[in-house]
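Subject: Structure for your records

Hello,

I am passing on the structure we spoke about. Please look it over before reading the notes underneath.

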Amino acid sequence: MLKNVSNVSKDPALIADEDLPASDGDENPDRGNWTNKTEYLLSMIGFAIGLGNIWRFPYVAYKNGGGAFLIPYFLMLVLCGIPLFFLENAIGQFCSQGPINMWRAAPILQGVGFAMVVVNVLVSIYYNVIVAYSLYYLFASFQSPLPWSSCSSWADSNCSDKPKVYCNVSGDLVANWTQLNNTCPPSNMIPASVQSPSEQYWDHVALQRSSGLDETGPVVWHLALCLLLSSMLVAAALIRGIKSSGKVVYFTATFPYLVIFILLIRGVTLEGAKRGIEFYIGSQSNLTKLTEGQVWKDAATQTFYSLSIAWGGVVTLASYSNFHNNMFLDSVVVTLINHGTSVFAGFAIFSVLGHMAHIYEKPVREVVKEGFGLAFIAYPAALAKLPISPLWSILFFSMLFLIGLDTQFTVLEVITTCLTDAYPKILKPRRAFLTIATSAVIFLLGLPCVTRAGIYWVTLIDQFTTSWVLLVLALMEIIGFCYVYGGNRLIEDIEMMIGKKTFGFWLWWRACWFFISPCIIVGILIWSLLTFVPPSYGAVQFPAWGLTLGWCMVAFVLLWIPIFAVYKLIRAEGSIWERLKSLSSPSEEWHPYLDINRGERYSQIKESNKEM
């Protein structure tokens, strides 16, 4: 790698390592730039590192061989994660536009950009609700003892913090027997179905969950108020765009690491922690798992989704960078931090779950969960068993809240940036009003997700809009910029920003962009469709109309691609071939935002377009 950055003194990317002045001296005063490099990197890290790094990766690693899973996980980062992150970073920085206007490079595919914005609208709805869940649990943690530490008045007869068994005595089932009661022969013990206090608190108190999607029920007002507070906090942080959010991320992007470190130190000092870590990444690691295709598919999927590729967020954040910023180095740093955070957080999670398994005298595999089950049931239950449990609970849920908030910042920024880029004269002077209005709309759209059936809506939107839909958008992104716009053009654009690179340097990225990454995406896409199982929430299945609505959301996202293509073909002039050729070529508006950065190459293109 060092050989590829020779002639450093002539490399314009030198600016990347120097912070910009903290005053109003933006390189691009029209759109604005990051105040300094630190704010940009923290915002990018805050966006890339989401809740999936905390509540999904540890379970996926444990399920797929523990430590052995790190081999395909980091290999997929090199083959797919970094190349696509680098690609999006470069596109956004070059044109200084959001995910819709970046398709001036290949106008026929501008629908892909619109589809990305639709995905962000849908994601912002349910992600805001998850932030509200975290807020509710954060407030509930200011109690001693924690409300989910034992069965209380809200619990039913199935609630128990210990396993229950019935003893078959002469054909009659006798209750109140436990596994420690040796007077009942093991062959006569019949385990009873029970729920932990934390599980019943989640269902009966936090969610007030109904029986299914058909039973909507009223709005759960404590969640609605938390949703309102979350929306207000996001609007306040984005009131001046990146100028205000860039200040907020100094805390929101760094404090979670301090919390993870504190929880890790506390976790490894607990009895039974070693058992949990061994199941996560340790002596229980299973290298034979590497022979299973599912492990490699899970590694690629986790890499793809944890980096938030094809959401448009990376493009949006990069669009506010200086033109000569070294986005290649930024991409490597952010993606490595992302994957490292997943592994680091897993130790904090499994050390505490190991202690929980030790207390209940269960195998670790019986207390491990993922997603909502880990964040709001298993881990809170484990924290409730610790001394000074409210402190650890406050730290944990403040971490979840801030991680979710960081992602929500960027998701909302994508929406407002695209609107501002589309109508700059009208909306730029009214940026604060636009942010507040967008947050208000997202809040109102999120209200169905805080009814008693809200968790089913959250699951439905999550499963249908952030699964293989994003794979389609990422594949279209690669096709659009590497095949339609052209890999050589793309490389020339990048070299205008970071300086000339060697043939060997670009050989690797060409291989990834043209062959390796798209093949991996197509493989995951086909596998995901072939193994598709209708989503459910635990044992609750969604009705047919709910699944139909999920597929309608998918169609609503992807249909913009052909709609925009057909619309532009109709509006274009000439024969069908001439129209197709024209729309597959960069428009006159595709160039660096500032005249000073366009150089001879884009000046010549501009002059030739005028002559035509």
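The notes below cover confidence, overall make-up and the cysteines.

Confidence

This is a predicted model. Its mean pLDDT is 86, with 89% of the residues at 70 or more. Among the elements of the chain, helix H7 (residues 221-237) has the highest mean pLDDT, at 95, and strand S2 (residues 172-177) the lowest, at 53. Two stretches call for separate mention. In residues 1-23 the pLDDT is below 50, yet the model gives this stretch 36 contacts beyond near neighbours in sequence. Residues 606-612 also have pLDDT below 50, and two contacts beyond near neighbours in sequence. Predicted coordinates should not be read in detail where pLDDT is low.

Overall make-up

The chain contains 25 helices and five strands. It has 612 residues, and 57% of them count as buried. Of the contacts with a separation of 6 or more, 82% are between residues 24 or more positions apart. The accessible surface of the chain is about 25500 Å², and carbon and sulfur atoms make up 64% of that area.

Cysteines

How many disulfides does a search of the whole structure find? The search finds one. The bond links Cys151 and Cys159, with an S to S distance of 2.0 Å. The angle about the S-S bond is -90°, and the link between Cys151 and Cys159 is left-handed. As for surroundings, Cys151 is partly exposed, at 34% relative accessible area, whereas Cys159 is buried, at 9%.

Why is Cys512 not bonded to the closest cysteine sulfur? That sulfur belongs to Cys80 and lies 8.6 Å from the sulfur of Cys512, so the pair is too far apart for a bond. The cut-off for counting a disulfide is a pair of cysteine sulfur atoms within 2.5 Å. Cys512 is also buried, with a relative accessible area of 0%. Another cysteine that counts as buried is Cys482, with 2% relative accessibility.

To sum up the points for reuse: the chain has a mean pLDDT of 86, the pLDDT is below 50 over residues 1-23 and over residues 606-612, and the disulfide joins Cys151 to Cys159.

Regards

Key. Residues are numbered from 1 along each chain as its sequence is written. This is a predicted model: local features need pLDDT of at least 70, side-chain atom pairs count only at pLDDT 80 or more; totals for chains, interfaces and linings use all residues. Side-chain values use heavy atoms; hydrogens and water are left out. pLDDT is the predictor's confidence in each residue, from 0 to 100. Helices (H or I, at least four residues) and strands (E, at least two) are DSSP runs, numbered from the N terminus. Contact means heavy atoms within 4.5 Å. Buried means under 20% relative accessible area, exposed over 50%, partly exposed in between (1.4 Å probe, protein chains only). Accessible areas come from the Shrake-Rupley method with a 1.4 Å probe; for residues, only the protein chains shown count as cover.
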